[in-house]
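The following exercises are to be worked with the sequence and the three-dimensional structure at hand. Each task is followed by a solution in steps.

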Protein chains: 2
Amino acid sequence: MIAELLCVGSELLLGDILNTNARFLSQELAALGFCVHRQSVVGDNPHRLRQAFLEAHSRADFVFLTGGLGPTADDITRETICDALGFELEECAELLEKMRVFFRAQGCVMPNTNAKQAFLPRGAVLYRDGKLTSPEKNLAYWFQNPNGTAPAIALLTQGKCAVMLPGPPSELETIYRHSLREFLSNWADGAVISHEVRTMGIGESAMAELVEPLLEGENPSVAPYAKNGESFLRVTAKGKTAKDAEALMVPVLKEIKTRLAPFIYGVDVPSIEAVLVDALTKNAQTVCTAESITGGGIAKRLTDCQGASKVLRGSVVAYCDEVKAALLKVPREILETHGAVSEECAKVMAQNARRIFASEYSIAATGNADGENDLRAFVAIDSQSGTKTYCLEFPKGSRQRNRLITENTALFQLFSHLLSITQGEKNRV
Amino acid sequence: MIAELLCVGSELLLGDILNTNARFLSQELAALGFCVHRQSVVGDNPHRLRQAFLEAHSRADFVFLTGGLGPTADDITRETICDALGFELEECAELLEKMRVFFRAQGCVMPNTNAKQAFLPRGAVLYRDGKLTSPEKNLAYWFQNPNGTAPAIALLTQGKCAVMLPGPPSELETIYRHSLREFLSNWADGAVISHEVRTMGIGESAMAELVEPLLEGENPSVAPYAKNGESFLRVTAKGKTAKDAEALMVPVLKEIKTRLAPFIYGVDVPSIEAVLVDALTKNAQTVCTAESITGGGIAKRLTDCQGASKVLRGSVVAYCDEVKAALLKVPREILETHGAVSEECAKVMAQNARRIFASEYSIAATGNADGENDLRAFVAIDSQSGTKTYCLEFPKGSRQRNRLITENTALFQLFSHLLSITQGEKNRV
């Protein structure tokens with residue numbers, strides 16, 4: 001089943017809001033095995049909406065429209081699409097009553113402008129369960145909106161289906177989960193499953209080179225991409241059932257894990273910090289940070305994760321030499337001889353922080369994120385088994401990126417350290 | 001000038017990522033007076049990309065493509081679009097050398113796959129300043145990418161323009177601000193100017209009510225919106241020249257400033273933290289933070305700003321009671337009687353941090369961001385003139401938002417404090 005999305009709203013074309021509906025529907029449709037070939041956005045203009053809709057309807061089996069079902073004059077989706085497909089609108093008494101109840105429940109009287117939303121394609125049937133009345137006929141269904149007044153509407157004609165959904169994400173998502181997903185599952189064509197392999201410490205193209213033969217596969221397909229200084233592989237398989245799709249993926253995921261072993265920190269995980277907080281929680285171990293260049297960013301990311309209070313003891317952000325000396329006890333001699341941006345300084349920051357916070361691990365980062373010269377950072381990881389340090393060199397002109405990469409490196413190196421300890425223990429057993 | 005956006009990437013069609021590029025470009029193009037009539041997304045499929053591009057190129061004066069300029073085999077935008085418009089690709093020695101330097105600066109050798117990105121339309125000219133070489137001819141320009149390897153490319157043909165931009169937002173936005181905006185201003189039709197009034201400490205609808213009569217204006221238009229726990233007003237005016245548009249805005253901005261005075265922290269400023277770093281730099285004053293609930297997030301945001309090293313001395317993240325007692329010298333008695341989430345604790349954290357870091361101001365934040373009960377935070381601002389505290393109460397189930405709002409409150413309250421001192425001094429004079 002080929003699908004297209006058509007989101008309606010001038011606020012999207014002006015960039016006032018992000019199109020989160022397109023993302024939500026794309027994810028959900030992929031999970032049902034629909035192939036989304038195109039997403040489009042048009043404004044509140046009946047002529048351009050009609051044209052864009054007819055193009056999409058000619059190319060795809062399913063067209064999903066979002067937005068433009070509201071009560072105001074610039075809401076034109078219902079009228080335009082019904083007219084384009086030859087459906088007449090008439091007032092639906094059942095819906096009108098539901099809308100009045102909806103307003104009453106909120107302690108107010110329905111404004112007259114809302115009455116427009118009670119108009120539905122003539123003969124439209126309220127979708128109630130998993131069965132379609134008679135899919136071969138020209139038919140219209142409507143879907144209750146528990147969070148608002150505009151129902152969703154599906155128009156079945158010419159062997160194709162057009163679905164209109166209200167724009168507010170809370171309404172769209174609730175209708176989808178409540179009834180539309182079940183309606184669509186009548187057409188679901190097998191299952192599509194995706195897994196995301198997350199790596200660090202390697203660029204997108206270097207990662208792609210290491211798994212090159214796998215990138216040519218069609219089912220599963222393997223696609224590299226980069227985000228926030230990390231490189232990901234998305235592995236997607238289609239099968240008759242979810243189980244079939246998963247089975248197809250097993251050998252490919254295994255091969256990827258072999259080829260990218262030193263760089264992978266997780267599959268289908270939210271972030272490196274979440275993986276670290278999980279691992280430390282399982283080990284009942286704690287960590288602290290001593291930060292200069294990252295200014296608290298490493299601690300911030302660890303505390304983004306629920307449960308961080310079990311593993312993070314705290315952090316010292318030492319954004320000047322005096323604080324490095326006074327709070328982190330970095331010897332004056334190191335600051336004067338090697339400078340704050342040095343391997344020696346990072347090492348002592350990590351060692352002293354671990355002692356001050358009485359934690360099993362510590363992370364330190366010091367460096368220059370911008371300026372003209374000496375753009376680099378040193379990261380140190382300290383634990384009972386010693387101190388490891390890492391050096392990063394930066395290009396000019398990207399302060400935020402250099403800081404992000406320092407955070408990433410620090411978190412990933414602690415992860416690698418934890419992993420090597422676990423593996424070492426396994427090998428001894 | 002009618003524009004369309006065409007974003008390329010299967011990760012968008014699968015819903016893996018949000019299309020923030022479409023939003024960024026839409027906002028920027030509106031500001032230049034371009035009318036964006038359609039946004040589309042297609043996958044990494046040469047046939048469908050070509051078809052969608054030719055449709056867009058037939059409808060619009062400008063087509064902006066994003067994504068698909070990377071080094072891997074599924075990056076097909078450059079080849080597909082150049083072929084569709086009859087431009088041949090050839091290796092550009094100047095660009096290849098720049099790419100090698102880019103990799104060398106990061107301490108690595110350029111992977112061979114990246115060499116593909118050095119191919120440009122034959123005869124493409126590096127865009128350097130405000131002038132076009134000769135706009136009437138079939139011409140190609142390229143635009144340097146300070147944050148990555150793929151340059152942007154503009155193809156001028158048939159009186160129309162197709163612009164290809166790399167997909168990573170940090171690269172796309174930097175190229176746009178660095179050179180592409182200036183290039184496009186050659187076609188800007190009249191002038192559309194926007195100003196963004198940024199507020200804190202008030203919700204979007206409450207803010208909208210305070211400026212209600214202004215929301216009905218058409219030129220300038222005034223639109224409220226909310227982002228990251230802040231409420232903004234976007235004021236947009238059209239005029240023959242930028243000066244005309246600015247003149248139209250003067251009375252409206254004045255009225256907004258009167259109506260929203262206690263909440264505004266800046267107009268056209270990047271963030272509250274940038275405003276603070278600026279103000280403290282001007283005063284030659286310093287700040288430090290003592291953070292629990294925010295886990296270093298306040299210090300992180302201050303250090304996001306260039307020049308932060310002049311104003312931030314450092315921070316203690318005290319994510320457990322022991323650290324609050326040991327590093328921030330919070331008396332045991334306060335932790336036992338009032339608990340760590342209390343006004344008393346916030347107060348002492350701020351006072352002691354200011355002493356420890358020897359700074360003019362300090363910010364402290366302690367609270368519970370998630371859990372079942374007692375979801376609240378206390379923020380304290382300490383200075384020579386005393387300690388002020390603020391209490392926030394949170395709904396359940398939104399850890400990240402509660403932390404963000406605590407950061408915002410802390411930064412905004414320090415800002416208000418600085419402002420009241422400045423105004424007090426003015427009044428005395």
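Two strands are said to pair if DSSP finds at least two bridges between them. The model examined here is predicted.

**Exercise 1. Determine how strands β17 and β18 of chain B are arranged, and which residue stands opposite B:Arg376.**

Solution.
1. Locate strand β17 at residues 376-383 and strand β18 at residues 386-393 of chain B.
2. Count the bridges: there are eight, and the pairing runs in the antiparallel sense. The requirement of at least two bridges is therefore met.
3. Examine the connection: two residues lie between β17(B) and β18(B), and the strands form a hairpin.
4. Read off the partner: B:Glu393 in β18(B) is opposite B:Arg376.

**Exercise 2. Describe the extent of the contact between chain A and chain B.**

Solution.
1. Take the residues on each side: chain A contributes 72 and chain B contributes 67.
2. State the area: about 5800 Å² is buried between the two chains, with 53% of it on carbon and sulfur atoms.
3. Identify the leading contributors on chain A: A:Leu18, A:Arg38 and A:Tyr319 account for 10% of the area that chain A buries against chain B, more than any other three residues.
4. Look for strand pairing across the interface: β2 of chain A and β2 of chain B, each spanning residues 35-42, pair in the antiparallel sense over five bridges. Within this arrangement, A:Arg38 faces B:Val42 in β2(B).

**Exercise 3. Analyse the polar and charged links across the interface of chain A and chain B.**

Solution.
1. Begin with the general principle that side chains of opposite charge can pair when their charged atoms come close.
2. Count the salt bridges between the chains: seven are found.
3. Check one example: A:Glu55 and B:Arg59 have an N to O distance of 3.5 Å. The cut-off is 4 Å, so the pair qualifies as a salt bridge.
4. Add the polar contacts: 40 residue pairs are found across this interface.
5. Sort the chain A side by class: 29 residues are nonpolar, 24 are polar and 19 are charged.

**Exercise 4. Which parts of chain A does the salt bridge between A:Asp83 and A:Arg50 tie together?**

Solution.
1. Place this pair in context: 44 salt bridges are found over all chains.
2. Take the distance: the closest N and O atoms of A:Asp83 and A:Arg50 are 2.7 Å apart.
3. Assign the elements: A:Asp83 belongs to helix α4 (residues 77-84) and A:Arg50 to helix α3 (residues 46-59), so the salt bridge ties together parts that are 33 residues apart in sequence.

**Exercise 5. Classify the geometry of the aromatic pair A:Phe62 and A:Trp187.**

Solution.
1. Note the total: the whole structure holds 26 aromatic pairs over all chains.
2. Apply the angle: the ring centres are 5.2 Å apart and the planes stand at 75°, so the pair is edge-to-face.
3. Locate the partners: A:Phe62 is in strand β3 (residues 62-66), whereas A:Trp187 is in the loop between α6 (169-184) and β10 (191-199) of chain A. The pair thus links distant parts of the chain, 125 residues apart.

**Exercise 6. Inspect the backbone for a cis peptide bond and a positive phi angle.**

Solution.
1. In chain A, the bond from A:Asn219 to A:Pro220 is cis, with omega near 5°. A:Pro220 sits in the loop between α7 (204-210) and β11 (221-227).
2. In chain B, the bond from B:Asn219 to B:Pro220 is cis, with omega near 5°.
3. A:Gln158, a residue other than glycine, has a positive phi near 55°. A:Gln158 is found in the loop between β8 (152-157) and β9 (160-165) of chain A.

Methods:
Residues are numbered from 1 along each chain as its sequence is written. Chains are lettered from A and ligands numbered from 1 in the order in which they are written. This is a predicted model: local features need pLDDT of at least 70, side-chain atom pairs count only at pLDDT 80 or more; totals for chains, interfaces and linings use all residues. Side-chain values use heavy atoms; hydrogens and water are left out. Contact means heavy atoms within 4.5 Å. Buried area is the accessible area (1.4 Å probe) that two parts lose on being put together, summed over both. A salt bridge is a side-chain nitrogen of Lys or Arg within 4 Å of a carboxyl oxygen of Asp or Glu. A polar contact is a pair of N or O atoms within 3.5 Å; within protein, one must be able to donate a hydrogen and the other to accept it, and residues adjacent in sequence count only if both atoms are side-chain atoms. Ala, Val, Leu, Ile, Met, Phe, Trp, Tyr, Cys and Pro count as nonpolar, Asp, Glu, Lys and Arg as charged, and the others, Gly among them, as polar. Helices (H or I, at least four residues) and strands (E, at least two) are DSSP runs, numbered from the N terminus. Rings of Phe, Tyr and Trp (its six-membered ring) pair if their centres lie within 6.5 Å; planes under 30 degrees apart count as stacked, over 60 as edge-to-face and the rest as tilted.
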